[in-house]
Each structure stands twice: as structure tokens, then as C-alpha cells.
Amino acid sequence: NLSTVSEFVFVGLSDAPEIRLLLFVLFLLVYLATMAGNITLLVAISTDSHVHSPMYFLLGNLSLLDLLCPTITVPKMLEALLLEHKEISFSGCLFQHFSLIAVVGTEIFLLTVMAYDRYVAVCHPLRYPSIMSRTLCAQLAVGTWATGLLNSLLHTSLVFTLSFCGPNQIQQYYCDIPPVLALSCSSTHSRELVILVVAGVLGSSACVVTVVSYIYILLEILARNSPGIWHKAFSTCGSHLTVVCLFYGTTICTYVRPSFTYAPHWDRIVSMLYGMLTPLLNPIIYSLRNKEVKCALKRVISRV
């Protein structure tokens, strides 16, 4: 009710017809490859009894998030490229914003839980089955999804209860926090501060848990100093560490900064990294670096 803007227009894509067609084909192929990779990984984890363990249960949740993340934004972007229909309703923008922030937030917390899982696996291998029980894994997974949804509800309410009474052109290909805030005709300083504080506290807490987990893992490796321990630890933690660095780097560059530093062209590139390439690369990284995942995928393909 505070808004006189009934729809927004995405202007973050090229208007040249030949470029639009090229981008449409490129993004469609990336999207289809992302869907195929993550669905295959989900099928392998859910159907192969050899990977029914806490680590792969959490990995299945990660694959589900990597399916949702591009599905929230890419179809609308493909529609804008092919049909030149760049408008989105106010309520549609609100729903897209809420869904995307929920998925991104949930993935941050899930990666933190996966770091704790790796810490228990390396530092307490004999107690691993009792510590990372099915009940605890289920509770941690539900907790990450619930926290992500509540975090998104707070951010969305702060952004979309602002007054939008003039410009409606979003300098992006989806409804994100910085470009939507830039369109508000009311003061955004207090809400930006709340968003930065909440994101900073939750994000830094997740980051601290992840870093501390890997510090303990490193100390445990150094303390053992046994032959082959570095290779074993890298095969256990390398995939997760690679995904964490890729996801955290692109997410921090996008969200953890004030709106006056918002640069549309740079932000579109960075957002495509975590919105499209990261979900595409995650199943590839786990497939290449994890022997059990590769074996599970081979068994699924052979059955098919």
C-alpha cells in the first residue's frame, strides 16, 4: 500500500537483437546443464545406499538449493531475452526477492553445517556415527532452511515496505536488494543499516564457524603427521572448501557493502557468478574430487 509502482522493468540485459539471441542460447545451455548436473547428483545420493551418510545427505540439500537458485531467476531472464517481456509485477518481484534471499541464506548456513560435519569426520572419526546421527542431521538441515526463510522474511519486509513512487527500472536481471533499494523514493539509511547488521552478524557467524572448523582440521592433520594424511584430508574436505571459497567470495562482493557503492555492470557479472555458475560448478567439483560420488554416479548411469 506504500507503493505507487505496480510493476518493475528489468534493464540489465542487452537490447541488441543479435546479442540477446546469443545470450539466450548461452544462458539456456548453462541452466539445462545446471539442472542435469544437480538432478543427477540428487538421484545418485537418494538411490545409492553406498552414499547414505550425513555428508551426502547434506550434499543432497546443497544440490536442491542449487536447483532452486537459478530456477528463481533464469526463466524470467530467458523470457526477457527471447520475448522482450522485461516487466514483472510488484508482487512477483517481492516473491522472487524473498525466494532468492531465502535460498542464498540457507546455502550459507548449510555450508557451515557441512564444515562442522567435516571437522567431526577428521578430528573425531571413531565418534562420527554417534555425533552426526540421522536425527541431528535432520535437525541441522531443518534449522538451516528455517533460518534462511526467517532471514529472507526480515530482509524482504525491510525492502518492500519502502515507498516506490517514481523510477521502476531495475538495473539487474532479477529483483535483488541493491537495485531495488536504489529505486526507493524514501530514506533507506536506517533499513540499510539493519540489513547490513543482520547480514553481517549471521554471515560472520557462519564464516567464523567454517574457519574455526578448518583450523581444527589443520591442527589435527599437523598433530598426526602420518603418511598420506594430507591426501586423505584433501579428498575429504577439498570439495567443500572449494565450494565455500567460490560461494562466499561472490556473495560477499554482492551484499556486504552499502548501496552507494552499487555498480550495475559489475554487480550483474558477480551475481551471474553465484546465481548461475556456482550452481553449475558445485556438482562438477564434488564429482571430480570425491571418489564415492563418482562411483555412485557410475552405478546410476550403468543402471539407466
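This report describes a small sheet and two packed helices in a predicted model.

## Basis of the model

Local features require pLDDT of at least 70 and side-chain atom pairs count only at pLDDT 80 or more, while totals for chains, interfaces and linings use all residues. Residues are numbered from 1 along each chain as its sequence is written, and side-chain values use heavy atoms, without hydrogens and water.

## The sheet

Three strands (DSSP runs of E, at least two residues, numbered from the N terminus) form an open sheet in the order β2-β1-β3, with mixed pairing. Because β2 (87–89) and β3 (169–170) each have a single partner strand, they stand at the edges, and one side of each lacks a neighbour in the sheet. Strands pair if DSSP finds at least two bridges between them.

Strand β1 (residues 7–10) is antiparallel to β2, and three bridges join them. E7 has S89 of β2 as its bridge partner.

## The helices

Helices are DSSP runs of H or I with at least four residues. Helix α3 (residues 90–123) lies across β1, β2 and β3, at about 85 degrees to β2. Helix α2 (residues 54–83) packs with α3 at an angle of about 160 degrees, and their axes, lines fitted to C-alpha atoms over the stretch in contact, are 10 Å apart. The two helices are therefore roughly antiparallel (over 145 degrees, on a scale from 0 to 180 between N-to-C directions). Their contact (heavy atoms within 4.5 Å) comprises 15 nonpolar, five polar and five charged residues.

## Record annotation

An unreviewed UniProt entry lists several spans as "transmembrane region", including residues 56–74 and 94–116. Residues 56–74 are 100% helix, with end C-alpha atoms 27 Å apart; for residues 94–116, also 100% helix, the distance is 33 Å.

Methods. Parallel < 35°, antiparallel > 145°, perpendicular 65-115°, else oblique. Nonpolar A, V, L, I, M, F, W, Y, C, P; charged D, E, K, R; others polar. UniProt positions renumbered as here; feature names shortened; annotations may be inferred.
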